[in-house]
Amino acid sequence: VEVREICGPPPESPPNPPPADQPPKKRRVASAWAYVYAAIASLMMFTYGYNTTIIASAIIFLPEAMLPTAMMRAAVTASVLGGGVLGGLCAGHLADWLGRRPLMIVNYVFIVITSFMSAAAMAGWQVILARTLQGVGMGICSVLPALYITETAPPAVRGRFGAAAQW
């Protein structure tokens with residue numbers, strides 16, 4: 001059995017390089033606005049980390065009557081992660097339906113509202129509900145920035161900008 005029979009024909013040779021009298025193609029450089037948009041979208045990742053971890057220091061200040069058992073305290077801490085799974089799963093469909101930029105704006109407003117809901121809660125179940133809804137926003141924050149940045153960045157810097165969202 002020959003190698004050609006298994007692997008197929010050899011690959012075609014690359015096209016000839018341009019003649020020496022033609023200047024090389026200029027590489028497109030990203031505008032300053034592309035950097036600004038990528039930086040603003042990357043702030044969603046900061047929001048994600050901040051809202052996920054902020055409960056660790058705040059839970060000790062919640063009154064014992066609001067969260068009487070260790071199970072309730074665990075539910076408050078874990079509810080944002082449960083909502084995050086739901087938000088992460090729905091983020092792509094919501095972004096297709098609303099659009100990337102409008103969803104980012106709606107999501108920021110949603111996170112602010114759920115933060116106030118969490119602060120104004122008077123019972124344990126209200127804190128858990130507010131944190132779960134906040135988790136939905138955080139799940140969207142985990143998907144949307146990278147999606148938006150990689151779709152709007154110029155091709156020359158797309159990988160660099162996409163990595164910045166994860167940084």
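Helix α4 gives the nonpolar surface patch its largest share, with four residues. This is a predicted model, by the way, so everything here is read from a prediction. The patch is made of Ile105, Val109, Ile113, Met117, Trp125 and Leu129, and together these offer about 590 Å² of accessible area. Two elements put in at least two residues each: α4, which spans 100-120, and α5, which spans 124-152. If you'd like one residue to start from, try Val109, which sits in helix α4. Its relative accessibility is 46%, so Val109 falls in the partly exposed class.

Now step back for the whole chain. How many helices and strands does the chain have? There are six helices and zero strands. Walk along the sequence and the pattern reads α-α-α-α-α-α. Of the 167 residues in the chain, 32% are buried.

Next up are the charged side chains. The count of salt bridges comes to two, and Arg100 has a part in each: one with Asp96 and one with Glu151. In the bridge to Asp96, the closest N and O atoms are 2.9 Å apart. In the bridge to Glu151, the N to O distance is 2.8 Å. That second pair ties together distant parts of the chain, with Glu151 in helix α5 and Arg100 in helix α4, 51 residues apart. Put the three residues together and you get a network of salt bridges linking Asp96, Arg100 and Glu151.

Is Arg100 buried or exposed? Arg100 is buried, because its relative accessible area is 18% and the cut-off for buried is under 20%. Its partners land in other classes, as the table shows.

| Residue | Relative accessible area | Class |
|---|---|---|
| Arg100 | 18% | buried |
| Asp96 | 56% | exposed |
| Glu151 | 46% | partly exposed |

Arg100 also helps place another residue, Pro145. The C-alpha atoms of Pro145 and Arg100 are separated by 8.7 Å, although the two are 45 residues apart along the chain. Pro145 belongs to helix α5. With a relative accessibility of 0%, Pro145 counts as buried.

A pair of glycines shows a similar kind of meeting. Gly88 and Gly139 lie 51 residues apart in sequence, yet from C-alpha to C-alpha they are 4.2 Å apart in space. You'll find Gly88 in helix α3, residues 70-98. Gly88 has 23% relative accessibility, so it counts as partly exposed.

Then there are the aromatic rings. Searching the whole structure turns up two aromatic pairs. One of them joins Tyr35 and Phe161: the ring centres are 4.9 Å apart and the planes stand at 70°, so this pair is edge-to-face. It links distant parts of the chain, since Tyr35 is in helix α2 (residues 32-58), Phe161 is in helix α6, and their positions lie 126 residues apart in the numbering. How do the two partners compare in accessibility? Tyr35 is partly exposed at 39% relative accessibility, whereas Phe161 is buried at 5%.

Another tyrosine has a charged neighbour. Arg101 places its charged end over the ring of Tyr37, 5.4 Å from the ring's centre.

Phe161 leads us to the last helix on this tour, α6, which runs over residues 158-166. Which residues of α6 are buried? They are Phe161, Gly162 and Ala165. These residues share one side of α6, because they cover an arc of only 100° around the axis. The general rule behind this is that an α-helix has 3.6 residues a turn, so residues three or four places apart point the same way. Over on the other side of α6, Gly159 and Gln166 are exposed.

Key: Residues numbered from 1 in each chain as written. Predicted model: local features only at pLDDT ≥ 70, side-chain atom pairs only at ≥ 80, totals over all residues. Heavy atoms only, no water. Buried < 20%, exposed > 50% of the residue type's maximum accessible area, 1.4 Å probe, protein only. Arc of directions from axis to C-beta. Patch = residues over 30% accessible without salt bridge, like charges linked within 9 Å, V, L, I, M, F, W, Y side chains within 5 Å. Areas by Shrake-Rupley, 256 points an atom, 1.4 Å probe, with all protein chains shown as cover. Salt bridge = Lys/Arg side-chain N within 4 Å of Asp/Glu carboxyl O. Phe/Tyr/Trp six-rings, centres within 6.5 Å; stacked < 30°, edge-to-face > 60°. Lys NZ or Arg CZ within 6 Å of the ring centre and 35° of its normal.
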